[in-house]
Amino acid sequence: MDFADKTALVTGANSGLGRAVAQALAAGGATVLMVVRDPGRGEAARAAIETATGNPAVHLLVADLVAQAEVRRLAAEVSARWPRLHLLVNNAGTAYPSRRLSPDGVECTLAVNHLAPFLLTNLLLEQLRAAAPARIVNVGTRINYAMELGDLSWQGRRYRMMRAYVESKLGMLHFTRELARRLRGSGVTVNCVFPGVFNSNLGGTDGAQGLFWKSVSLLLGWALATPEQAAERVMYLLGAPELADVSGEYFGDRRIISMPAQVEEQAANARLWEISARLTDLDD
Ligand SMILES: NC(=O)c1ccc[n+]([C@@H]2O[C@H](COP(=O)([O-])OP(=O)(O)OC[C@H]3O[C@@H](n4cnc5c(N)ncnc54)[C@H](OP(=O)(O)O)[C@@H]3O)[C@@H](O)[C@H]2O)c1
C-alpha cells in the first residue's frame, strides 16, 4: 500500500502488532511516529525498521501512557512537530496482574487500554481534522464484558485481571462508536479492529504473563498467527479505498463484525464518554 505523504502515529510500536504496523507503514513510505515507553527497546525497533524499509522518516516518541501527564506531553510534542496527522493507530495495550492505581488514581489496565487512547485521540483531533481525509484505528478484542461504569477502578469489587482487560477493551468499542458520531462529516473516520489471536508479549512487561502463559506461548506459539499477519487487518483499515467513508464499525478480517449489544446503545456510549472526559480532565 502507498502511504507516501501520510504521517502516521502508532502507539505500542516497539513490539508485536504495533511494531508490525509501524514497519508496514514505513515500507509504504509514510512518516511514522513510533510511541514507546522504553527508549532502549524503542530505539532498537526504530533502527531495525529504518534499516529494513530504507525509510529515514521513522521517529521515536517516548511516553508511558499509564500517566495522563505523559499523554498530554506526547500530544503537545506531536502537535508542535507534525501539525497534520493522517493516521492514528491506538494499539498499545496491557494487563496488570493485580489492582494498581495510576498516578492519576485510576486502575492501571483501564488507564492504558481505554483512558490513554481516549485522551490522546481527543488531544490530536485538530491535527487529524487538518489532515482530512484521516483515519483512526483502535485495537480491540473479541471477548467483551459489559463495563461496570459505576466502578471502573475496581474499588468495590475483587480485581480480576482478565475481566479488567476485556472490560477496558470494551471501552475501545464504546469510544469508537461515540467518536464516529461526533466526527460525522469531518473527513476523519474511526473504526475498531479485532486483530485475531497472535503470538506476542501482551502484558508481559507488566508482569501479567505468568509461567503458565509463557509456557503455553512457547509450546503453541507456532500455531498462533504472527503479528505481521495480524497487522494485515490494521493495514486494510488504514489504506483500503473502499473504506473512505466507513466509520464507527468493528472489523475482523477485512469485514465488519457485530458490535456487542451494549455498544449499540448510544446512551451507554455517551455515558462512558462523559466519565472518561471527567477522569482525564478533558474539556468537552
Ligand atoms: N496478542 C493477541 O492475541 C491480541 C488479541 C486481541 C487484541 N490484542 C491487542 O493488540 C494490541 C497489541 O498487543 P500485542 O499482542 O502486540 O502485545 P505486545 O507485543 O505486548 O504489544 C503491546 C505494546 O503496548 C505497549 N504498552 C503497554 N503498556 C504501555 C504503556 N503504559 N505505555 C506505552 N506503551 C505501552 C507495549 O510496550 P512494552 O513493550 O514496553 O511493554 C507494547 O509495545 C493490544 O492492544 C492488545 O490488547 C492482542
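Here is a short exchange on how the terms used for this structure follow from its values.

Reader: What kind of model is this, and how are residues numbered?
Author: This is a predicted model: local features need pLDDT of at least 70, side-chain atom pairs count only at pLDDT 80 or more, and totals for chains, interfaces and linings use all residues. Residues are numbered from 1 along each chain as its sequence is written.

Reader: What makes a residue part of the shell around the ligand?
Author: Its C-beta atom, placed from the backbone, must lie within 6 Å of the molecule. Here 27 residues surround the ligand. The closest are Gly12, Gly16, Gly93, Ser200 and Thr205.

Reader: Which helix gives the largest share of the shell?
Author: Helix 1, residues 16–27, with three residues. A helix is a DSSP run of H or I with at least four residues, a strand is a run of E with at least two, and numbering starts at the N terminus.

Reader: How does the shell divide into nonpolar, polar and charged residues?
Author: Eleven are nonpolar, 13 polar and three charged. Ala, Val, Leu, Ile, Met, Phe, Trp, Tyr, Cys and Pro count as nonpolar; Asp, Glu, Lys and Arg count as charged; the others, Gly among them, are polar.

Reader: Why is glutamate 249 called buried?
Author: A residue is buried if 20 or more other C-beta atoms, placed from the backbone, lie within 10 Å of its own; it is exposed at 12 or fewer, and partly exposed in between. Glutamate 249 has 20 such neighbours, so it counts as buried. Glutamate 249 lies in the loop between helix 8 and strand 7.

Reader: Which residues is glutamate 249 in contact with, leaving aside its neighbours within four places in sequence?
Author: Asn191 and Ile256. Contact means that the C-beta atoms, placed from the backbone, lie within 7 Å.

Reader: What makes strand 1 mostly covered?
Author: Five of its five residues, 7–11, are buried. Thr7, Leu9 and Thr11 point one way, while Ala8 and Val10 point the other way.

Reader: How do you know that strand 1 and strand 2 pair?
Author: Two strands pair if DSSP finds at least two bridges between them. Strand 1 and strand 2 (residues 31–36) have five bridges, in the parallel sense. Leucine 9 stands opposite leucine 33 in strand 2. Strand 2 and strand 3 also pair in the parallel sense, over five bridges.

Reader: What order do the strands of the sheet take?
Author: Eight strands form an open sheet in the order 3-2-1-4-5-6-7-8, with mixed pairing.

Reader: What makes strand 3 and strand 8 the edge strands?
Author: Strand 3 (58–62) and strand 8 (256–257) each pair on one side only.

Reader: How is the packing of two helices described?
Author: By the angle between their axes and the distance between the axes. Axes are lines fitted to C-alpha atoms, for helices over the stretch in contact, and angles run from 0 to 180 degrees between N-to-C directions. Helix 1 and helix 8 pack at about 60°, with axes 8 Å apart. Helix 1 and helix 2 (residues 39–53) come within 9 Å and cross at roughly 35°.

Reader: Is the crossing of helix 1 and helix 2 left-handed or right-handed?
Author: Right-handed. The near helix is turned clockwise from the far one; anticlockwise by less than a right angle would be left-handed. In this contact Arg19, Ala22, Gln23, Ala26 and Ala27 of helix 1 meet Ala45, Ile49, Ala52 and Thr53 of helix 2. These divide into six nonpolar, two polar and one charged.

Technical notes:
Two residues are in contact if their C-beta atoms, placed from the backbone, lie within 7 Å.
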